[in-house]
Amino acid sequence: IVRYSGPASWVRFFVRASGDTTLVINDARGRWWCSDDEGGYPNPMVDIASPSAGQYDIWVGSYRAGEALSATLNMTELAGVRP
């Protein structure tokens, strides 16, 4: 869970991990966002324009069933920061 207070024109969530991960976000408006390799293999990345303040429910998973990976979730409002 991330509690975001904003405001910003956009926000980026991405994962850096020891293997292939996926990212699922339920944003403060109730919209769902999913990513596999948008940040370049094997890094998922989601950009949300005009993010609302509130709670963001976030899940990071492995692309392979049953695989446990070490991962770091990142959140930024800086356009130059990528996985």
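What follows is a short dialogue on reading the sheet, the core and the aromatic rings of a predicted model.

Q: Let's start with the sheet. What is the order of the strands, and how do they pair?

A: Keep in mind that this is a predicted model. The sheet is open and has 4 strands in the order E1-E6-E3-E4, with antiparallel pairing. Strands E1 (2-4) and E4 (32-35) each have a single partner strand, so they stand at the edges and one side of each lacks a neighbour in the sheet. On average, neighbouring strands here are turned by 20° against each other, if you ignore direction.

Q: How many bridges join E3 to E6, and which residue of E6 stands opposite Val24?
A: E3 (residues 21-26) and E6 (residues 54-62) run antiparallel and are joined by 6 bridges. Opposite Val24 you'll find Trp59 in E6.

Q: Now the inside. Which residues make up the largest nonpolar core?
A: The general idea first: in soluble globular proteins, nonpolar side chains tend to be buried together. In this model the largest nonpolar core has 11 residues: Val2, Tyr4, Val11, Phe13, Val15, Leu23, Ile25, Val46, Ile48, Tyr56 and Ile58. At least two of the core residues come from each of E1, E2 (10-17), E3, E5 (45-49) and E6. E2 gives the most, with 3 residues.

Q: Take one core member, Val15. Which residues does Val15 touch, leaving out those up to four places away in sequence?
A: Val15 touches Thr21, Leu23, Asn43, Pro44, Val60, Ala71, Thr72, Leu73 and Pro83.

Q: And the rings? How many aromatic pairs does the structure hold?
A: A pair of aromatic rings is described by the distance of the centres and the angle of the planes. The structure holds 3 aromatic pairs. One of them is Tyr4 with Tyr56, an edge-to-face pair at 6.1 Å centre to centre with 85° between the planes. Tyr4 sits in strand E1 and Tyr56 in strand E6, 52 residues apart, so this pair links distant parts of the chain.

Q: Is Tyr4 buried or exposed, and what about Tyr56?
A: Tyr4 is buried, with a relative accessible area of 9%, and Tyr56 is buried too, at 1%. Tyr56 also forms a tilted pair with Phe13, at 5.8 Å centre to centre and 35° between the planes. Phe13 lies in strand E2 and Tyr56 in strand E6, so this pair ties together parts that are 43 residues apart in sequence. Phe13 is buried as well, with a relative accessible area of 0%.

Q: Which residues do the ring pairs link into a cluster?
A: Tyr4, Phe13 and Tyr56. These residues also belong to the largest nonpolar core.

Methods: Residues numbered from 1 in each chain as written. Predicted model: local features only at pLDDT ≥ 70, side-chain atom pairs only at ≥ 80, totals over all residues. Heavy atoms only, no water. Pairing = 2+ DSSP bridges. Axes fitted to C-alpha atoms, helices over the stretch in contact; angles between N-to-C directions. Core = buried A, V, L, I, M, F, W, Y, C linked by side-chain atoms within 4.5 Å. Buried < 20%, exposed > 50% of the residue type's maximum accessible area, 1.4 Å probe, protein only. Contact = heavy atoms within 4.5 Å. Phe/Tyr/Trp six-rings, centres within 6.5 Å; stacked < 30°, edge-to-face > 60°.
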